[in-house]
Amino acid sequence: MNVRRASLSPRTRLQVATLLVLGLALLGPLGGVSVVSTARWLLILGTLCGLGWWWFRRGAKGPRVVSAERMQVISRAGLSPRCGLALVEVEGRGFLVAFGDAFAEVHPLPEREEVPRTFAQARRPRPGRGLRKGMNS
């Protein structure tokens with residue numbers, strides 16, 4: 001019999017839990033342990049198992065590895081109501097796509113070399129500059 005735990009209905013789960021509680025309650029006095037202490041320990045154990053199961057399921061909702069998108073539309077511009085241009089990146093390569101009602105043309109963009117950009121040092125205006133003659137600050 002190949003029955004998975006996830007396929008059991010909530011009603012079946014409740015019946016199994018009830019049978020386990022009743023079985024432990026009947027076996028408690030035989031071992032010299034009171035029914036009350038057995039029920040308390042069973043309740044604590046069930047609560048801890050439920051919290052652990054909830055915590056595990058809560059962390060398992062999303063994918064663990066974030067996959068990069070293979071195709072991404074960078075920008076899109078409309079040329080007319082029925083025609084447009086789109087800049088598309090597919091697996092790191094750029095393409096210019098011209099599209100319309102009955103056509104689409106794909107033009108690969110040339111590869112760009114990564115050039116390190118050097119930014120010029122920003123200059124601060126000197127005090128007193130920018131004022132017209134005769135005006136005091």
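**Figure 1. An open antiparallel sheet of 4 strands in the predicted model.** The strands of this open sheet follow the order 1-2-3-4, and their pairing is antiparallel. Strand 1, spanning residues 71–80, and strand 4, spanning residues 104–108, form the edges, each pairing on one side only. On average, and with direction ignored, neighbouring strands of the sheet are turned by 20° against each other. In general, the strands of a sheet pair through backbone hydrogen bonds, in either a parallel or an antiparallel manner.

**Figure 2. The pairing of strand 1 with strand 2.** Strand 2 comprises residues 83–90 and runs antiparallel to strand 1, to which 8 bridges join it. Within this pair, S75 stands opposite L87 of strand 2, and R76 stands opposite A86 of strand 2. As background to this view, side chains in a regular strand alternate between the two faces of the sheet.

**Figure 3. The hairpin between strand 1 and strand 2.** The chain passes from strand 1 to strand 2 through 2 residues, and the connection is a hairpin. The edge strand 1 (71–80) thus enters the view on one side of the turn, with strand 2 (residues 83–90) on the other.

**Figure 4. The pairing of strand 2 with strand 3.** Strand 3 covers residues 93–99 and is joined to strand 2 by 7 bridges, the two strands running antiparallel. One of the paired positions is V88, whose bridge partner in strand 3 is F95.

**Figure 5. The hairpin between strand 2 and strand 3.** Here 2 residues lie between the two strands of the hairpin. E91, located in the turn, has a positive phi of about 50°.

Methods:
Residues are numbered from 1 along each chain as its sequence is written. This is a predicted model: local features need pLDDT of at least 70, side-chain atom pairs count only at pLDDT 80 or more; totals for chains, interfaces and linings use all residues. Side-chain values use heavy atoms; hydrogens and water are left out. Two strands pair if DSSP finds at least two bridges between them. Axes are lines fitted to C-alpha atoms, for helices over the stretch in contact, and angles run from 0 to 180 degrees between N-to-C directions.
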